[in-house]
Amino acid sequence: MSDQLVIEDIKNTIYRASLYLDECRWADWLALCHEDFYYAIRAFSPEINYDMTYLDGHRADLVSMTEMLPKHNSDHSPLARHTVVYTVDVNDTQGTASCVSSFAVYQTQLDGINSHVLAGESNIFLVGKYRDIFRIGTGQPLFLQRVVQLDTRRLDKGTHWPI
Amino acid sequence: MPARNGKQWANVPGKLGSGEYVDSRIYSDHAIFEEEISKIFRKVWMPVCHESELPDPFCFRTTTLAREPIMVVRGGDNVVRAFLNVCPHRGNMIENRPSGSFEEGAPSGAPKHMTCMFHAWQFDMKGNCVHISRATEGYQDRLACSDVGLRRLRCEVKYGGFVWVTLDDGIDQSVEEWAHGAFDCMQKSLDAEPLEVFHYHKAIIPCNYKLWHDTNSEFYHDYLHYHNRITGFNDSYFARKNIGFGNGHINVGSFEVQYDQYEGFESREELSFPYLPTNHWEMIDFFPGVNFNLRGSALRCDIMTPLGPDKVMIEFRGLGLKSDTPEERLTRQRHHNSIWGPFGRNLHEDLLAVSTQQATMSEWAEKRRILHGRHETDADGDPTIHDEEGMRHFYKEWGRRMDRWPGNPEMSYQKGQEKAA
Ligand code: FES
Ligand SMILES: [Fe+2]
């Protein structure tokens, strides 16, 4: 496959993953991930001058986390993201590709506070970059790693879902 | 009883006494909120940051306390000092960044000095004014550097390296006296070796600061948390005592957490804080709005900054040992994040519950009674974990300082006490 086709394939996979995450289709999202998949949410804090990890784990951790979500009390206000893939760098010899995307996650209020007044209102919830590594060369490109690098460090309720 | 009509609803339910509920207006009234800022937050010791946030000489950290901008700096002599972050010339905020270093100096100032960018007055790390631009031309002999030092604030580094500040020059207690023994349960663990902050985030939520503190002070709400229902409800959990200390602080004593009951959580055994028994958990709710939570391998500290009757900023910090290896640090971070992180299992549930609690108590909603009347004691007669003594203890101190009876804020504290007796 030409690099151009591989790049198109990877972009499609990132956008498909965005849709699955928007729709809370966790199993479908994880099906796009390699069995060695590693996921982390990180942010740099200028307050404490420290590179922080807010969440991290491998595929099995994410499976148990997402399966437990319905057992928790939650703000069900949906999160939807606007993702734009900026760069895809293919490394044929290693069979990987690294990608940088920018994202903004919007929250549309449903039941989190006073639904009579607030339900239906949308706000920007989080902004940051996805730094992804894909395994390529064996059919469908698979996420090997996703680092969600947040700019946002004010994190109000509703943040318990994978981003 | 079936659903009640308006008159029945206004009555005190059951046989609860007058110290066993509060009036919802204490969570929503603007005048009460303003009074809390002046009678409580301006008069107490509050931790404002941790000393690891200003690790080297000339490092600084900015914050606010009771709406006053504050700057904490580490001098060339390594001493941590606090000042109002206000220029004595025309009141500009001297430093706007959340943290940084004065080592290199501002664009218009000298290295190792604080410089107000507006007209370039300069101050040393002890708060002395050392330079006034065109001083003699403008002020002749009417005003000199020695007249315009910064406003210094009383400041102590205490209990695991937290930087405590008060706006009250006349406060008659040290931080230790103010703590009144509330730190005894974890002081040895916190002071064994230097700590470091590895986690920081903030939430600004639509609720009164006391609702967050209430939630931290009562464990009855473990029904809210799937994680706690699964891991916590055992004999040692129900044996935890709820102990009050002077100045409105409380502890909830230790018990062993059964991490193996909840999928995806490892035991905290390997990296317990020094002197902390394996998998143990100690908690201090510090008056008027700080929470210290030492759970096995990680320390959490929440500091509240009230922004309005129905708005509070909570700063969440996670701490480990400064001597951690990168692997140890990662393990601590994971332990911290799994329960307390912004993407963890408990924090969002707590934030959700206090937001929806406040949503019923807008300033114009009719008053209602918020019940604090659970008494669940052990064989010694001491309150245990689902007893609401923690909140009752807090509101005694609150009422005394505000001179208002929490169950009826229009009544003086003394009158309320007399009626209760
Ligand atoms: S206001 Fe600071 S130098 Fe003028
Ligand atoms: Fe909780």
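**Close-up 1. A salt bridge joins B:Glu376 and B:Arg374.** In this predicted model, the side chains of the two residues meet with a nitrogen-to-oxygen separation of 2.6 Å. Side chains of opposite charge can pair when their charged atoms come close. B:Glu376 has a relative accessible area of 26% and is therefore partly exposed. B:Arg374, at 25%, likewise counts as partly exposed. Both residues are among those touched by B:His386, the subject of the next view.

**Close-up 2. B:His386 is set among residues that lie far from it in the sequence of chain B.** This histidine belongs to the loop between strand S19 (369-371) and helix H11 (389-402) of chain B. Is B:His386 buried or exposed? Its relative accessibility is 2%, which is under the 20% cut-off, so B:His386 counts as buried. Its contacts beyond four places in sequence include B:Phe219, B:Tyr223, B:Phe233 and B:Phe238. B:Tyr220 is 166 residues away in sequence, yet its C-alpha lies 4.7 Å from that of B:His386. With B:Tyr237, the histidine makes a side-chain polar contact of 2.7 Å.

**Close-up 3. Further salt bridges occur in chain B, in buried and in exposed settings.** The side chains of B:Asp387 and B:Arg392 come together at 2.7 Å, nitrogen to oxygen, and both residues are buried. In the pair formed by B:Arg134 and B:Glu137, the closest N and O atoms are 3.8 Å apart. B:Arg134 is exposed, with a relative accessible area of 62%, whereas B:Glu137 is partly exposed at 48%. Elsewhere, a network of salt bridges links B:Glu196, B:Asp324, B:Arg329 and B:Arg332. Over all chains, the whole structure holds 36 salt bridges.

**Close-up 4. The iron ion (ligand 2) is held by protein donors from chain B.** Which residues provide the donor atoms? B:His221 and B:His225 each contribute NE2, and B:Asp350 contributes two OD atoms, at 2.2 to 2.6 Å from the ion. The spacing of these residues in the sequence is H-x3-H-x124-D. Distant parts of the chain are thus linked: B:His225 lies in the loop between helix H6 (209-217) and helix H7 (226-231), while B:Asp350 lies in helix H10 (residues 347-358), 125 residues apart. B:His225 is buried, with a relative accessible area of 2%, and B:Asp350 is also buried, at 7%.

**Close-up 5. The site of the iron ion (ligand 2) has an irregular geometry.** The angles among its four donor atoms run from 53 to 137°. Four donors count as tetrahedral if all angles lie between 85 and 135 degrees. The ideal angle for four tetrahedral donors is 109.5 degrees.

Terms used
Residues are numbered from 1 along each chain as its sequence is written. Chains are lettered from A and ligands numbered from 1 in the order in which they are written. This is a predicted model: local features need pLDDT of at least 70, side-chain atom pairs count only at pLDDT 80 or more; totals for chains, interfaces and linings use all residues. Side-chain values use heavy atoms; hydrogens and water are left out. Helices (H or I, at least four residues) and strands (E, at least two) are DSSP runs, numbered from the N terminus. Buried means under 20% relative accessible area, exposed over 50%, partly exposed in between (1.4 Å probe, protein chains only). Contact means heavy atoms within 4.5 Å. A polar contact is a pair of N or O atoms within 3.5 Å; within protein, one must be able to donate a hydrogen and the other to accept it, and residues adjacent in sequence count only if both atoms are side-chain atoms. A salt bridge is a side-chain nitrogen of Lys or Arg within 4 Å of a carboxyl oxygen of Asp or Glu. Donors are N, O and S atoms within 2.8 Å of the metal (3.2 Å for Na, K and Ca); water is not among the atoms, so sites may look incomplete. Four donors count as tetrahedral if all angles lie between 85 and 135 degrees; four count as square planar and six as octahedral if opposite donors are over 155 degrees apart and all others between 65 and 115; anything else is irregular.
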